[in-house]
Amino acid sequence: MFGTESSLSMFLNTLTPKFYVALTGTSSLISGLILIFEWWYFRKYGTSFIEQVSVSHLRPLLGGVDNSSPTNTNTSNGDAADSSRQSVSECKVWRNPLNLFRGAEYNRYTWVTGREPLTYYDMNLSAQDHQTFFTCDSDHIRPADAIMQKAWRERNPQARISAAHEALELDDCATAYILLAEEEATTIVEAEKLFKQALKAGEGCCRRSQQLQHHGTQYEAQHRRDTNVVVYIKRRLAMCSRKLGRTREAVKMMRDLMKEFPLLSMFNIHENLLESLLELQNYADVQAVLAKYDDISLPKSATICYTAALLKARAVSDKFSPEAASRRGLSTAEMNAVEAIHRAVEFNPHVPKYLLEMKSLILPPEHILKRGDSEAVAYAFFHLQHWKRVEGALNLLHCTWEGTFRMIPYPLEKGHLFYPYPICTETADRELLPTVFHEVSVYPKKELPFFILFTAGLCSFTAMLALLTHQFPELMGVFAKAVITINKD
């Protein structure tokens with residue numbers, strides 16, 4: 001024992017101040033690297049790497065799972081399954097009703113900026129949509145349709161366009177015109193011309209398949225596909241009219257389409273109609289559309305909730321003053337407007353920062369996640385101009401929107417007018433939005449994980465020790481020997 005203590009004393013006496021400088025400097029460097037990695041991982045994935053590894057791998061090894069109560073385990077498993085199912089349903093990705101044209105808008109942005117506005121995940125979802133809308137099991141009967149069935153699955157844009165031209169050489173194929181209008185046309189005028197050709201071909205196919213739809217399931221599926229094609233073309237033609245300034249014509253086309261195909265709600269044409277009516281400042285008709293679609297039994301959207309809030313704000317915003325309201329209190333109309341804003345913000349809390357231009361906008365994706373940042377981008381991209389047109393509306397929004405968060409202090413655990421805010425939105429939005437040049441909005445704002453704070457403190461402490469050791473090597477050497485001796489005793 002005595003030999004061991006004397007050996008330790010001799011070892012400590014042989015250590016030079018340079019050793020302590022190297023030791024503390026290395027410790028500071030290592031903890032700094034850990035801090036940088038942890039921060040990068042948190043920014044990219046929203047969680048701590050050390051915490052994730054601890055929970056996923058170390059906790060089971062240390063006996064973190066309690067199997068003592070099988071009844072409780074079964075119950076919790078059932079709750080987890082229900083929660084998982086609810087999460088999946090809440091995080092359903094929807095096609096953006098106002099999605100832009102690939103060739104005339106998205107590609108032009110890429111040519112100018114060199115940036116890709118669409119993610120691979122978003123474009124893959126669009127490819128699945130096209131296969132659902134524009135193909136059926138009987139496509140092999142018509143050679144042009146067989147070519148287009150392969151074209152919709154093709155990943156290379158040029159290969160898709162070439163296949164569409166090949167299909168048009170065989171027949172007057174409506175879906176081939178659609179693909180060329182969406183992806184090859186470089187202006188809205190060109191796209192509109194191709195959609196008109198597509199409509200002529202599509203209506204002919206739809207009439208022929210309608211006569212044969214009762215001859216079997218194969219013909220019924222073909223007629224359903226042809227109907228989808230005609231609806232899609234008419235909706236895109238209406239959007240072309242809207243983009244080219246013929247807004248009244250666009251409104252008429254949308255109304256006719258909704259009357260002709262009232263059951264095809266998957267296209268959400270009423271959201272296109274609302275935006276066009278707001279452009280015409282026809283607020284009475286906007287209110288009539290909201291009365292039909294802002295129903296408790298129908299799915300909500302940012303367009304529905306924020307348009308309702310805009311109409312309520314319009315009634316009071318021109319004379320609204322926060323100072324006057326604080327003195328006399330809110331009137332009934334002002335209270336209704338504030339409640340409508342709180343309702344909209346609870347549904348999608350990301351929208352106000354875009355409307356108030358606290359965060360820069362990007363081109364909207366082809367698919368959106370309701371209540372997510374992707375939906376907020378898509379809504380604000382088209383509706384910011386309508387809020388600016390109503391005098392004082394943005395001022396009222398600025399003064400009142402943050403009050404929503406006081407009503408819902410724990411949005412992931414409970415909601416007020418809607419279900420609790422879904423946890424999965426951030427993950428899905430990171431897939432839909434180009435995170436290379438857009439910072440995805442996260443709600444509720446996440447606090448820094450414990451391990452990032454811990455490594456930051458460790459890095460700072462070791463860096464301070466390294467600095468002191470470098471400046472006062474003799475004194476720090478004596479201090480280190482004293483600490484080791486005290487611990488040994």
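Is His350 buried or exposed? Keep that question in mind while you get your bearings; this tour comes back to it soon. One thing to know before you click anything: this is a predicted model.

**The whole chain**

Start with everything shown as a cartoon. The protein has 24 helices and 2 strands. Colour by burial if your viewer allows it: of the 489 residues, 45% count as buried. Next, think about which parts of the sequence meet. Among contacts between residues at least 6 apart in sequence, 70% join residues at least 24 apart. If you switch on a surface, the accessible area comes to about 26,600 Å², and carbon and sulfur atoms account for 58% of that.

**Stop 1: His350**

Now select His350, in the loop between helix H17 (332-347) and helix H18 (351-355). Here is the reply to the opening question: His350 is buried, because its relative accessible area is 3%, and the cut-off for buried is under 20%.

Show side chains around His350 and look for two polar contacts. One, of 2.7 Å, joins the side chains of His350 and Tyr421. The other, of 2.8 Å, joins the side chain of His350 to that of Ser441. To fill in the rest of the surroundings, leave out residues up to four places away in sequence: His350 then touches Arg371, Gly372, Asp373, Ala376, Tyr421, Ser441, Val442 and Tyr443.

**Stop 2: Lys370**

Move on to Lys370, in the loop between strand S2 (367-369) and helix H19 (373-389). Would you guess that this lysine is buried or exposed? With a relative accessibility of 11%, Lys370 counts as buried.

Where does its side chain go? Follow the Lys370 side chain to the backbone oxygen of Lys300, which it reaches at 3.0 Å. Lys300 is also among the residues that Lys370 touches, and the others are Trp94, Pro299, Ser301, Phe347 and Glu375, again not counting residues up to four places away in sequence. For a distance to draw on screen, pick the C-alpha atoms of Lys370 and Thr425: they are 8.4 Å apart in space, while the two residues are 55 apart in sequence.

**Stop 3: helix H8**

Select residues 157-170, which form helix H8. A quick check on its geometry: 14 residues at 1.5 Å a residue should span 20 Å, and the end C-alpha atoms are 21 Å apart, which agrees.

Highlight Arg160, Ile161, Ala163, Ala164 and Ala167, the buried residues of H8. They sit on the same side of the helix, because they cover an arc of only 160 degrees around the axis. Turn H8 to its other side and you will find Gln158 and Glu169, which are exposed.

What do the buried residues of H8 pack against? Show helix H5 (102-113), helix H7 (143-153) and helix H9 (174-184) to see these partners. Before leaving, zoom in on the N-terminal end of H8, which Asn156 caps: a side-chain oxygen lies 2.8 Å from the backbone nitrogen of Gln158.

**Stop 4: Phe195**

Next, select Phe195 in helix H10 (residues 188-212). At 0% relative accessibility, Phe195 counts as buried. Show its contacts, leaving out residues up to four places away in sequence, and you should see Phe101, Ile178, Ala181, Glu182, Tyr232, Ile233, Arg236, Leu237 and Cys240. Leu180 is another residue to mark: C-alpha to C-alpha, Phe195 and Leu180 are 8.9 Å apart, with their positions 15 residues apart in sequence.

**Stop 5: helix H14**

Select helix H14 (residues 283-293) and highlight its buried residues, Tyr283, Val286, Val289, Leu290 and Tyr293. Look down the axis of H14: these buried residues fall within an arc of 115 degrees, so they line one face of the helix. The face turned away from them carries the exposed residues Ala284, Ala291 and Lys292. On the buried side, the packing partners are helix H12 (247-260), helix H13 (269-279) and helix H15 (302-314).

**Last stop: the cysteines**

How many disulfides are there? The count comes to 0, with a disulfide taken as a pair of cysteine sulfur atoms within 2.5 Å. Select Cys205 as an example: the nearest cysteine sulfur, that of Cys173, is 7.3 Å away. Cys205 counts as buried at 13% relative accessibility, whereas Cys399, at 36%, counts as partly exposed.

Key
Residues numbered from 1 in each chain as written. Predicted model: local features only at pLDDT ≥ 70, side-chain atom pairs only at ≥ 80, totals over all residues. Heavy atoms only, no water. Helix = DSSP H or I, 4+ residues; strand = E, 2+ residues; numbered from the N terminus. Expected span 1.5 Å × (residues − 1). Buried < 20%, exposed > 50% of the residue type's maximum accessible area, 1.4 Å probe, protein only. Arc of directions from axis to C-beta. Contact = heavy atoms within 4.5 Å. Polar contact = N/O pair within 3.5 Å; in protein donor to acceptor, adjacent residues only side chain to side chain. Areas by Shrake-Rupley, 256 points an atom, 1.4 Å probe, with all protein chains shown as cover.
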